[in-house]
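Subject: Handing over a structure

Hello,

Here is the structure I promised to pass on. Please open it alongside this email.

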Amino acid sequence: MADMQISNKSQSPKVSFFKNCVTQVPESEISFDEFLHHIKNGTYGRLVRQYLELKDKKGIADPLVKLFKRTKIPAITYAGIFTTRSNNKLITPSNITILDVDHYQEPGKLKKKLKGDQYVFAAFV
């Protein structure tokens, strides 16, 4: 993650930042670069590690695991700024497209390939 590309903040699109996946009203607006900065610097690392340990111990289908993921880990709406978490409440689009690939056999190879693509802004596993 330390090799993420971060652009000029004045050009970074804004997104809505939510306390977690279930809150309906965003806490704030942040730039996409700011979000990437938090990932790069491990701001959410402790929470993600706790989630992964719980998932490994109890299994992904366990209600406690699902509850932790939905209520403890912050979230953003990549598509832009929203008044509330609803498709028809978009105020300003970010023009960001996200590719979320789950269960890929060789994520490191995929990340390396994506990082070499001129149209990919950021890639992380």
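Below is what was found in it, from the whole chain down to single residues.

**The whole chain**

First, a caution: this is a predicted model. The chain has 125 residues, and 26% of them count as buried. Its C-alpha atoms fill a box of roughly 40 × 35 × 25 Å along the principal axes. There are four helices and five strands. Reading from the N terminus, the order is β-β-α-α-α-β-β-β-α.

Look next at contacts across the sequence. Take those with a separation of 6 or more: 57% of them join residues 24 or more positions apart.

The surface comes to about 8900 Å² of exposed area. Carbon and sulfur atoms supply 54% of that area. On charge, the side chains split into 20 positive and 12 negative. The centres of the two sets lie 3 Å apart.

**Where the β1-β2 loop meets the β4-β5 loop**

Start with Q24. This residue sits in the loop between β1 (14-18) and β2 (28-31). T84 sits in another loop, the one between β4 (80-82) and β5. The two residues are 60 apart in sequence, yet their C-alpha atoms are 5.4 Å apart in space.

Both also have other partners. Leaving out neighbours within four places in sequence, T84 is in contact with Q24, V25, P26 and K89. On the same terms, Q24 touches F18, T84 and R85. T83 is a further residue to check against Q24: the pair is 59 residues apart in sequence, with 8.8 Å from C-alpha to C-alpha.

Are these two loop residues covered? T84 has 25% relative accessibility, so T84 counts as partly exposed. Q24 is at 42%, so Q24 is partly exposed as well.

**A buried residue in β3**

Now move to A75. It is found in strand β3, which covers residues 75-77. Is A75 buried or exposed? Its relative accessible area is 12%, so A75 is buried. The cut-off for buried is under 20%.

Which residues does A75 touch, beyond those up to four places away in sequence? They are S16, F17, F18, N20 and C21. C21 is 54 residues away along the chain, and the C-alpha atoms of A75 and C21 are separated by 5.9 Å.

**The loop between β5 and α4**

This loop is worth a slow look. It runs between β5 (90-93) and α4 (107-115), and Y104 is found in it. N95 lies in this loop, and so does H103.

Check the backbone at two places. N95 has a positive phi of about 65°, although N95 is not a glycine. H103 also has a positive phi, near 60°, and is likewise a residue other than glycine. N95 is exposed, at 73% relative accessibility. H103 is exposed too, with a relative accessible area of 76%.

Y104 belongs to a nonpolar surface patch of about 310 Å². L99 and V101 make up the patch together with Y104. Y104 has a relative accessible area of 44%, which means that Y104 is partly exposed. That value also passes the patch cut-off of over 30%.

**The salt bridge**

How many salt bridges are there? The count comes to one. K109 and E106 form it, with 2.9 Å between their closest N and O atoms. The two partners sit in separate accessibility classes. K109 has a relative accessible area of 58%, so K109 is exposed. E106 is at 39%, so E106 is partly exposed.

**The end of the chain**

Finish with F124. This residue lies in the segment after α4. Its relative accessible area is 35%, so F124 is partly exposed. F124 and L110 are 14 residues apart in sequence, and their C-alpha atoms are 9.7 Å apart in space.

**Where to look**

If time is short, try three views. Begin with Q24 and T84, whose C-alpha atoms are 5.4 Å apart. Then go to A75 and its contacts, including F17 and C21. End on the patch made by L99, V101 and Y104.

Best wishes

Conventions: Residues numbered from 1 in each chain as written. Predicted model: local features only at pLDDT ≥ 70, side-chain atom pairs only at ≥ 80, totals over all residues. Heavy atoms only, no water. Patch = residues over 30% accessible without salt bridge, like charges linked within 9 Å, V, L, I, M, F, W, Y side chains within 5 Å. Areas by Shrake-Rupley, 256 points an atom, 1.4 Å probe, with all protein chains shown as cover. Salt bridge = Lys/Arg side-chain N within 4 Å of Asp/Glu carboxyl O. Helix = DSSP H or I, 4+ residues; strand = E, 2+ residues; numbered from the N terminus. Buried < 20%, exposed > 50% of the residue type's maximum accessible area, 1.4 Å probe, protein only. Contact = heavy atoms within 4.5 Å. Lys, Arg positive; Asp, Glu negative; His and termini not counted. Charge placed at Lys NZ, Arg CZ, Asp CG, Glu CD.
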